[in-house]
Amino acid sequence: MKVGYARISTDEQSLALQRAALTAAGCAKVFEDRDASGVATNRPSLEAALARIGDGDVLVVWKLDRLGRSLPHLIETVRQLGARGAGFTSLSESIDTTVAGGTLIFHMMSALAEFERALIVERVNSGIASAKKRGSHVGRPRKLTPEQIAHAREAIDGGQQTPASMAGLLGVDHSTLWRSMRRLEANANGR
């Protein structure tokens, strides 16, 4: 059985074109989501369509972007369909995973998506290493300046403040204060 899925992002759009194409493609049932952007995680009709599909069924969409939030999401959805013995067809792109050529296209898309993710990780790691070499702080901004940490250390060591009261004065949790003091001491000792 062919099961159709159609989605529009705004009320100004119409489902008529998608509905007509899916019906012409032989879909016995068409599930529709309205006001659902591609990045929306709550798409009840998509969930209902996926729940209805079983072995030998085919999920049909008008265009790839109607189904997936992103290429990895699209590939994962099609992989899950395949694991259940179901197929996937995108009418506009002429992709049909029930035939060998369509499966090949999806494997190529998956490989490209994985390659893209690897490139992104590589660039991020390279940027972090470069920033560290320049002496830049990588990550969230520090809550306390070195001057505040030194002042806190003096006040605590001198008995004027308790660690908890000093942390309260600085507007941080006591564990943040202790971590900051240890890091400052380690940097001072060259560790």
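This passage walks through buried positions, charged pairs and ring contacts in a predicted model.

A good place to begin is the strand β1, which spans residues 2–7 and contains Val-3. Val-3 is buried, its relative accessible area being 0%. Setting aside neighbours within four places in sequence, the residues in contact with Val-3 are Cys-27, Lys-29, Phe-31, Ala-49, Ile-53, Val-58, Leu-59 and Val-60. Val-138, on the other hand, lies 135 residues along the chain from Val-3, and the C-alpha atoms of the two are separated by 48 Å.

Two of the residues that touch Val-3, Lys-29 and Phe-31, also meet each other through a charge and a ring. The charged end of Lys-29 sits over the ring of Phe-31, with 5.1 Å to the ring centre. A second arrangement of this kind involves Trp-62, whose face has Lys-63 lying over it at 5.9 Å from the ring centre. As for rings paired with rings, the number of aromatic pairs in the structure is zero.

Attention turns next to salt bridges, of which the structure has six. As general background, side chains of opposite charge can pair when their charged atoms come close. Glu-32 and Arg-34 form one such bridge, in which the closest N and O atoms are 3.4 Å apart. This pair does not stand alone, for Arg-19, Glu-32 and Arg-34 are linked in a network of salt bridges. Another bridge joins Asp-65 to Arg-66, with 3.1 Å between the closest N and O atoms. The two partners fall into separate classes of exposure: Asp-65 is partly exposed at 37% relative accessibility, while Arg-66 is buried at 12%.

Arg-43 offers an interesting contrast. This arginine belongs to the loop between β2 (29–33) and α2 (44–52). Arg-43 is buried yet takes part in no salt bridge. Why does Arg-43 have no salt bridge with Asp-33, the nearest side chain of opposite charge? The distance to Asp-33 is 5.2 Å, and a salt bridge requires a side-chain nitrogen of Lys or Arg within 4 Å of a carboxyl oxygen, so the pair does not qualify. The side chain of Arg-43 does have a polar partner in the backbone: one of its polar atoms lies 2.9 Å from the backbone oxygen of Leu-67.

Further along the chain, helix α5 (residues 146–157) holds both Arg-153 and Asp-157. Their side chains meet in a salt bridge, at 3.3 Å from N to O. Because the two residues are four apart in the helix, about one helical turn separates them. Arg-153 is partly exposed, with a relative accessible area of 22%, whereas Asp-157 counts as exposed at 55%.

Arg-153 also connects this helix to another part of the model. Met-181, located in helix α7 (residues 174–188), touches Arg-153 together with Ile-149 and Ile-156, when residues up to four places away in sequence are not counted. Met-181 itself is buried, at 1% relative accessibility. Between Met-181 and Arg-117, which are 64 residues apart along the chain, the C-alpha separation is 37 Å.

One backbone feature completes the picture. Most residues other than glycine have a negative phi. Ser-94, by comparison, has a positive phi near 55°. Ser-94 sits in the loop between β4 (87–90) and β5 (95–96), and counts as exposed at 62% relative accessibility.

Note on methods. Residues are numbered from 1 along each chain as its sequence is written. This is a predicted model: local features need pLDDT of at least 70, side-chain atom pairs count only at pLDDT 80 or more; totals for chains, interfaces and linings use all residues. Side-chain values use heavy atoms; hydrogens and water are left out. Rings of Phe, Tyr and Trp (its six-membered ring) pair if their centres lie within 6.5 Å; planes under 30 degrees apart count as stacked, over 60 as edge-to-face and the rest as tilted. A charge sits over a ring if NZ of Lys or CZ of Arg is within 6 Å of the ring centre and within 35 degrees of the ring normal. Buried means under 20% relative accessible area, exposed over 50%, partly exposed in between (1.4 Å probe, protein chains only). Lys and Arg count as positive and Asp and Glu as negative; His and the chain ends are not counted. A polar contact is a pair of N or O atoms within 3.5 Å; within protein, one must be able to donate a hydrogen and the other to accept it, and residues adjacent in sequence count only if both atoms are side-chain atoms. Contact means heavy atoms within 4.5 Å.
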